[in-house]
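Work through the exercises below with the sequence and the coordinates open. Try each task before reading its solution.

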Amino acid sequence: MQSDPYIGRKVGQYELRALLGQGGMAVVYRAYQASMDRDVAVKIVSRLLTQDPFFRERFEQEVTLVAKLEHPAIVPVYEHDTTPDGTTYLAMRYISGGSLADRLQQGPISLNQINAWLIQIADGLDYAHSKGVIHRDLKPGNILLDTQHKVYLVDFGLARTTNLSEDERFGAAPVKPTALMGTPSYMSPEQIQQKILTSKSDLYSLGIILYEMAVGQPPFAHQSSYEIMQMHVNNPPPSPRKLRPDLSVALDKMLLKALDKNPENRYQSAGEMATAFSASISGMTGSFRAFTPRVTSPAATVTRGPSRAPIFGALAAVVVILIAALFLLNQSGFGAPAATATTTSTATPLARAALGRASDLTPPSDKGVTTAAFEGSFIGMVACNLDSDYHASYAASVKTEALALGVNVQIGDSKNDKSKQPALIHDFIAKGAKGIVLCPLDQAAVADALSDAAKAGVFVVENGDTVPPFGTIISITNADLGKAAGEYAAKVINATMGGKANVAILDYPDVPEIVVRAQAIHDALIAGAPNVTIVGNWKGGTTDFGTASMQKAFADHPEINFIVSINDAGSFGAANVLQALKKGYGDVGIVSIDAESQARNMISNGQYFLGSVETSPTLVGKLAVDAIVKQVVVGGVPLTVNLPLNVVTKDNPGSK
């Protein structure tokens with residue numbers, strides 16, 4: 001098992017000692033602050049977010065505001081900063097008792113205990129609202145408990161850092177979100193519909209939490225987050241007394257008022273709600289008895305429900321953003337990590353071999369059988385981008401093959417933004433896709449989404465290195481691609497340069513899988529031509545990055561005479577710089593990966609490019625669709641199908 005890179009490391013003045021919880025937005029550690037001789041909770045914010053200047057600006061403004069919240073029921077922020085290496089963190093009080101979510105999993109809670117906790121929660125929430133802060137992700141996981149049964153609210157304001165205008169930043173003005181944040185089981189109807197939010201949205205969430213504590217389960221439960229959202233908007237909550245008959249009529253009425261669809265009909269403050277709860281339980285001091293088992297938390301599980309009802313109202317326009325935000329912001333608290341959701345069985349009728357060949361993916365010949373099996377469903381494709389020759393060819397191949405087999409296809413463009421991919425996957429799940437073709441930008445970023453696809457029975461095919469939880473890979477691994485490029489570069493350097501060259505490597509450090517590819521280039525190059533000098537690595541991946549990086553590289557290291565790149569797009573930028581510097585075609589050589597049309601032309605014409613490793617996008621796209629269709633109709637698709645590698649050179653043009 002790979003060790004956590006942060007454990008034992010010092011961030012600022014805090015020594016990180018143990019992992020407490022993690023989510024898409026941040027990772028939380030227990031840390032030791034020697035200057036104060038105390039344990040603290042340190043939240044490391046995702047670099048994916050902090051690399052965005054817009055997020056950084058809003059983050060600094062909002063966390064400053066949140067740090068000023070001083071209340072006994074709100075976890076205080078001690079410090080926030082960014083280290084020289086770009087690690088952005090917040091240091092907060094460490095709460096050792098776990099979260100309310102953990103406590104709910106342990107069994108009954110007495111009404112008196114609920115009342116005591118509610119009074120503390122309400123006081124802290126009203127205080128925050130008086131300072132103009134709307135939580136927007138109030139849920140049991142964001143309510144922490146200490147060993148003396150005191151409660152603390154956590155993650156105030158951070159869910160809205162990217163969504164405030166200049167006028168909304170400070171004060172108590174309502175907030176109109178540009179992206180939908182929250183956790184479906186606890187979201188208000190107006191939050192789901194992306195209406196302007198006020199503090200009454202938090203009060204609805206508090207009402208859901210109160211209902212769950214008193215009744216033993218939330219009012220709306222379903223394995224599909226989409227179905228839960230529909231319920232919040234359209235369905236009246238079940239009468240608490242129907243689920244727990246010993247509750248008083250007064251408490252039943254009180255809980256239903258807290259969950260009114262109309263914000264104006266709810267309690268107007270958390271304190272008012274707490275007072276009403278105290279009055280309604282007068283004479284009722286017991287714990288709840290055994291009730292319907294809790295449904296697996298939809299915060300951790302999104303599955304396709306049987307319903308195919310039309311999407312309601314505003315949800316049609318925001319479902320992609322909604323599902324993305326759900327999984328981005330569903331973080332653990334600072335206590336024990338949340339329980340792992342139970343995985344729905346995805347067993348297939350036929351045994352699946354670990355390794356197979358392209359011929360094992362041949363779909364059924366009867367188009368009618370395929371059309372019937374999909375029953376009006378479709379195949380979704382999450383493309384890395386649709387701009388480059390490689391990825392455009394890949395998407396076109398998926399669409400062509402799907403339509404040829406009588407299957408509808410929908411294509412979503414990630415635009416090289418890994419944060420968009422979970423949203424696209426969850427959108428396809430919600431719409432009822434039976435299969436997804438994924439071009440992964442970051443395997444870790446989509447891990448939760450792929451787990452949810454598996455639970456929904458959606459078969460995923462990737463062109464990557466890691467087999468999805470329920471799916472297969474058409475495998476030309478990043479390690480193999482990098483090795484092929486490095487070996488060919490070493491061969492050229494040995495044959496034409498006496499084994500010596502000053503090499504620049506164009507990589508793409510934002511994507512871990514591509515880091516693997518770049519490292520494989522480095523290792524194969526050194527192994528094959530041990531006398532080369534690796535001058536350094538510069539960011540490529542796109543033509544613009546390649547151009548900017550190589551301008552700086554040649555300014556600092558004019559001795560560079562060979563470039564190896566993780567893809568053609570970055571190499572095109574390097575070639576632009578070489579032309580601008582009036583470098584001759586024989587002065588600097590380029591070896592790359594993807595074998596796009598432009599790269600092939602430049603190889604044929606001897607224009608800097610000496611070779612490019614073919615990644616066969618049209619073949620991969622066709623086989624990906626074939627794999628999904630065969631799995632849906634027949635089953636038994638291998639876990640991995642390896643494709644051979646070919647380096648396109650002037651003497652070996654190969655074929656797409």
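Helices (H or I, at least four residues) and strands (E, at least two) are DSSP runs, numbered from the N terminus. The model is predicted: local features need pLDDT of at least 70, side-chain atom pairs count only at pLDDT 80 or more, and totals for chains, interfaces and linings use all residues. Residues are numbered from 1 along each chain as its sequence is written, and side-chain values use heavy atoms, with hydrogens and water left out.

**Exercise 1. Place valine 382 and describe its surroundings.**

Step 1. Find the element. Valine 382 sits in strand β10 (residues 378-383).

Step 2. Check burial (buried is under 20% relative accessible area, exposed over 50%, partly exposed in between; 1.4 Å probe, protein chains only). Valine 382 counts as buried because its relative accessibility is 0%.

Step 3. List contacts (heavy atoms within 4.5 Å). Beyond four places in sequence, valine 382 touches several residues, including Gly412, Leu424, Phe428, Val437 and Cys439.

Step 4. Take one C-alpha distance. Valine 382 and glutamine 410 are 28 residues apart along the chain, with 8.8 Å between their C-alpha atoms.

**Exercise 2. Characterise the disulfide of the structure.**

Step 1. Apply the criterion: a pair of cysteine sulfur atoms within 2.5 Å. The structure holds one such link. Cysteine 384 and cysteine 439 form it, with sulfur atoms 2.0 Å apart.

Step 2. Locate the partners. Cysteine 384 lies in the loop between β10 and α13 (389-404), and cysteine 439 in the loop between β12 (435-438) and α15 (443-455). The pair is 55 residues apart and links distant parts of the chain.

Step 3. Read the geometry. The angle about the S-S bond is -90 degrees, and the link is left-handed.

Step 4. Check burial. Cysteine 384 is buried, at 4% relative accessible area. Cysteine 439 is buried, also at 4%.

**Exercise 3. Which residues touch the most other members of the largest nonpolar core?**

Step 1. Define the set: buried Ala, Val, Leu, Ile, Met, Phe, Trp, Tyr and Cys residues joined through side-chain atoms within 4.5 Å.

Step 2. Rank by contacts. The largest core has 61 residues; Phe156, Leu210, Met213, Met254 and Phe277 touch the most other members. Helix α6 (residues 199-215) supplies the largest share, 10 residues.

Step 3. Look for another core. One of 59 residues lies apart from it, with Val398, Val409, Ile493 and Phe562 among them.

**Exercise 4. Assess the confidence of the chain.**

Step 1. Use pLDDT, the predictor's confidence in each residue, from 0 to 100. The chain mean is 81, and 82% of residues reach 70 or more.

Step 2. Compare elements. Helix α11 (residues 315-329) has the lowest mean, 31, and strand β17 (residues 562-565) the highest, 98.
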